[in-house]
Amino acid sequence: MQEEQPRVASGEPAPEAPEDGPKEAPDESQNLSDADALKILLEMKMKKRQKQPSLPGTVTELVTEEGSKVYVVGTAHFSDDSKRDVVKTIQEVQPDVVVVELCQYRVSMLKMDEKTLLKEAKEINLEKLQQAIKQNGVMSGLMQMLLLKVSAHITEQLGMAPGGEFREAFKEASKVPFCKFHLGDRPIPVTFKRAIAALSFWQKVKLAWGLCFLSDPISKDDVERCKQKDLLEQMMAEMIGEFPDLHRTIVSERDVYLTYMLKQAAKRLELPRASQAEPRKCVPSVVVGVVGMGHVPGIEKNWSLDLNIQEIMSVPPPSISSRVSRLVVKVAFFGLVGYGFYRMGKRTVNLILSLPSTQHCLRRLTEMRPQK
């Protein structure tokens, strides 16, 4: 990649030096290789990167065994202050990678405008329910919709769409040279299926009941007071506190997954080489992670451990009691529906037969029948 030469104002080619005279030294930029250009841009980025960055109090600094630095920004998902914390951190450290607490099933929120997101978050309709059930199964789909209801409740109370800090991270990462953007959360279908599998039938009913009748008012001051523990996750923790298995799947396992993804993103960075003969040179990388504040303690706890995420990515088969409960629920449901239709049909028929017009028509039909 050669640097573009300044254009001549007249549009004519620049005059050549006389053949018998001393030739001008060629412009260094004419011999600039791709690797050299990349090195220059990296040097510019390194100069802009603050050696002693002034970071918000919500940022936790972690270091890998290879010397890479990871700055974890703990956020509240409905907070303007969290957006500013994310922007300031990325501008100060000029990261090589930005990792956010999103999976591919929620990535659409990064490119949607605030108005559209606000509308989408408030609307929970039959189409969304069908999509959730198709994607995750009946029980997991219903649970996902109930959790969306919690998010929609907060959205309606605050008039603020969720995920603002992730959208800010996406915008700021695009302004940093050679900065990659990674999704760091476990796929939501896996989380919900594992969560449902961890609950008994009555625990599912009890949790669903609590989610259905959530209506406590929330203010922006409540959100900022929850800066040390994300509001959405705090509300969930209050509801699932008596279900340790549910807390394990929704919070603790995702702490492990987020930690693993942050460590993967913090691998040493290989610098560009001028030629294949030049030896490879790697340097520690800088990563910014944007996660809910409720995950920060878990990430710190897991940081020095050797993590394997294979186990938490599998969905255990339903237990015998779970299959029996599901069968009982289905039989009871369809039995009630069938009995309802039967009762409604019987009453409807009796009502129609009792109408005077129906009685009149029946008498006419009787009179019109031929006598044997």
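In the predicted model, five strands assemble into an open sheet whose order is β1-β2-β7-β3-β4, with mixed pairing. The edges of this sheet are formed by β1 (59-63) and β4 (180-183), each of which pairs on one side only. On average, and with direction ignored, neighbouring strands of the sheet are turned by 20° against each other. Helix α11 (residues 244-265) packs on the sheet, where it touches β2, β3, β4 and β7. The direction of α11 makes about 160° with that of β7.

Strand β7 (residues 286-292) stands between β2 and β3 in the strand order. With β2 (residues 69-75), strand β7 runs parallel, and seven bridges join the two. Within this pairing, Gly74 has Val291 of β7 as its bridge partner. The pairing of β7 with β3 (residues 97-100) is likewise in the parallel sense and extends over four bridges. Here Val97 stands opposite Val287, and Val98 has Val288 as its bridge partner in β7. Strand β7 is mostly covered, seven of its seven residues being buried.

Burial is also a feature of helix α6 (residues 164-173). Seven of the 10 residues of this helix are buried, so α6 is largely enclosed by the rest of the structure. The buried residues comprise Gly164, Glu165, Phe166, Arg167, Ala169, Glu172 and Ala173. Residues with charged side chains were examined next for ionic contacts.

Side chains of opposite charge can pair when their charged atoms come close. Across the whole structure, a search finds 14 salt bridges. Two of these lie within helix α2 (residues 80-93). In one, Lys83 pairs with Asp80, and the closest N and O atoms are 3.5 Å apart. These two residues are three positions apart in α2, about one turn of the helix. Lys83 counts as buried because its relative accessibility, 18%, falls under the 20% limit. Asp80, in contrast, counts as partly exposed, with a relative accessibility of 33%. In the other, Glu92 forms a salt bridge with Lys88, the closest N and O atoms lying 3.9 Å apart. Glu92 and Lys88 are separated by four residues in α2, which again corresponds to about one turn of the helix. Glu92 is buried at a relative accessible area of 18%, whereas Lys88 is partly exposed at 34%. Each of the two α2 pairs thus joins a buried residue, Lys83 or Glu92, to a partly exposed one, Asp80 or Lys88.

A further salt bridge is formed between the side chains of Glu270 and Arg280, at 2.6 Å from N to O. Glu270 belongs to strand β5 (residues 269-270), while Arg280 is located in the loop between β5 and β6 (282-283); the pair therefore ties together parts that are 10 residues apart in sequence. Glu270 is partly exposed, with a relative accessible area of 38%. Arg280 counts as exposed, its relative accessibility being 57%. In addition, Glu101, Arg106, Asp185 and Arg254 are joined into one network by salt bridges that share partners.

Technical notes. Residues numbered from 1 in each chain as written. Predicted model: local features only at pLDDT ≥ 70, side-chain atom pairs only at ≥ 80, totals over all residues. Heavy atoms only, no water. Buried < 20%, exposed > 50% of the residue type's maximum accessible area, 1.4 Å probe, protein only. Pairing = 2+ DSSP bridges. Axes fitted to C-alpha atoms, helices over the stretch in contact; angles between N-to-C directions. Contact = heavy atoms within 4.5 Å. Salt bridge = Lys/Arg side-chain N within 4 Å of Asp/Glu carboxyl O.
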